[in-house]
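Good morning, and thank you for joining this group meeting. I would ask you to look at the sequence and the structure together while I speak.

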Amino acid sequence: MTTASTPEPREPKAALIFDDPLDQQSSDDTDRGWGEQSGGDSVSDLKRFLDEKPPHHL
């Protein structure tokens with residue numbers, strides 16, 4: 001007679017989530033990450049403006 005070996009624990013299967021994705025806030029819903037600079041003075045603001053100005057605004 002053979003002895004039954006203990007089964008190894010399995011990883012949980014991926015579950016489907018049926019939540020409405022429009023109910024959740026996305027990163028685009030906030031103003032974070034839209035190019036704002038933390039702190040600065042008028043000289044650094046002018047430098048940033050000149051550095052980021054499109055070529056057709058010369």
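**Salt bridges and surface of the chain**

Let me begin with one pair of residues: Glu-52 and Arg-48 are joined by a salt bridge, with 3.3 Å between their closest N and O atoms. As background, side chains that carry opposite charges can pair when their charged atoms come close. In this case, Glu-52 and Arg-48 are four residues apart in helix H1, which means that about one helical turn separates them. Please bear in mind that this is a predicted model.

How exposed are these two residues? Glu-52 is exposed, its relative accessible area being 52%. Arg-48, with a relative accessible area of 30%, is partly exposed.

By the rule applied here, there are two salt bridges. The other pair is formed by the side chains of Asp-51 and Lys-47, with an N to O distance of 2.9 Å. Asp-51 and Lys-47 are also separated by about one helical turn, because they stand four residues apart in helix H1. Are Asp-51 and Lys-47 buried or exposed? Both of them are exposed.

I now turn to the nonpolar side chains. Which residues make the nonpolar surface patch? Leu-46, Phe-49 and Leu-50 make it, and its area is about 320 Å². Of these residues, Leu-46 can be placed in helix H1, which covers residues 42-52.

Finally, let us consider the chain as a whole. Its secondary structure consists of one helix and zero strands. The chain has 58 residues, of which 2% are buried. The area that the chain exposes is about 6600 Å², and 55% of that area is supplied by carbon and sulfur atoms.

Terms used: Residues numbered from 1 in each chain as written. Predicted model: local features only at pLDDT ≥ 70, side-chain atom pairs only at ≥ 80, totals over all residues. Heavy atoms only, no water. Helix = DSSP H or I, 4+ residues; strand = E, 2+ residues; numbered from the N terminus. Buried < 20%, exposed > 50% of the residue type's maximum accessible area, 1.4 Å probe, protein only. Areas by Shrake-Rupley, 256 points an atom, 1.4 Å probe, with all protein chains shown as cover. Patch = residues over 30% accessible without salt bridge, like charges linked within 9 Å, V, L, I, M, F, W, Y side chains within 5 Å. Salt bridge = Lys/Arg side-chain N within 4 Å of Asp/Glu carboxyl O.
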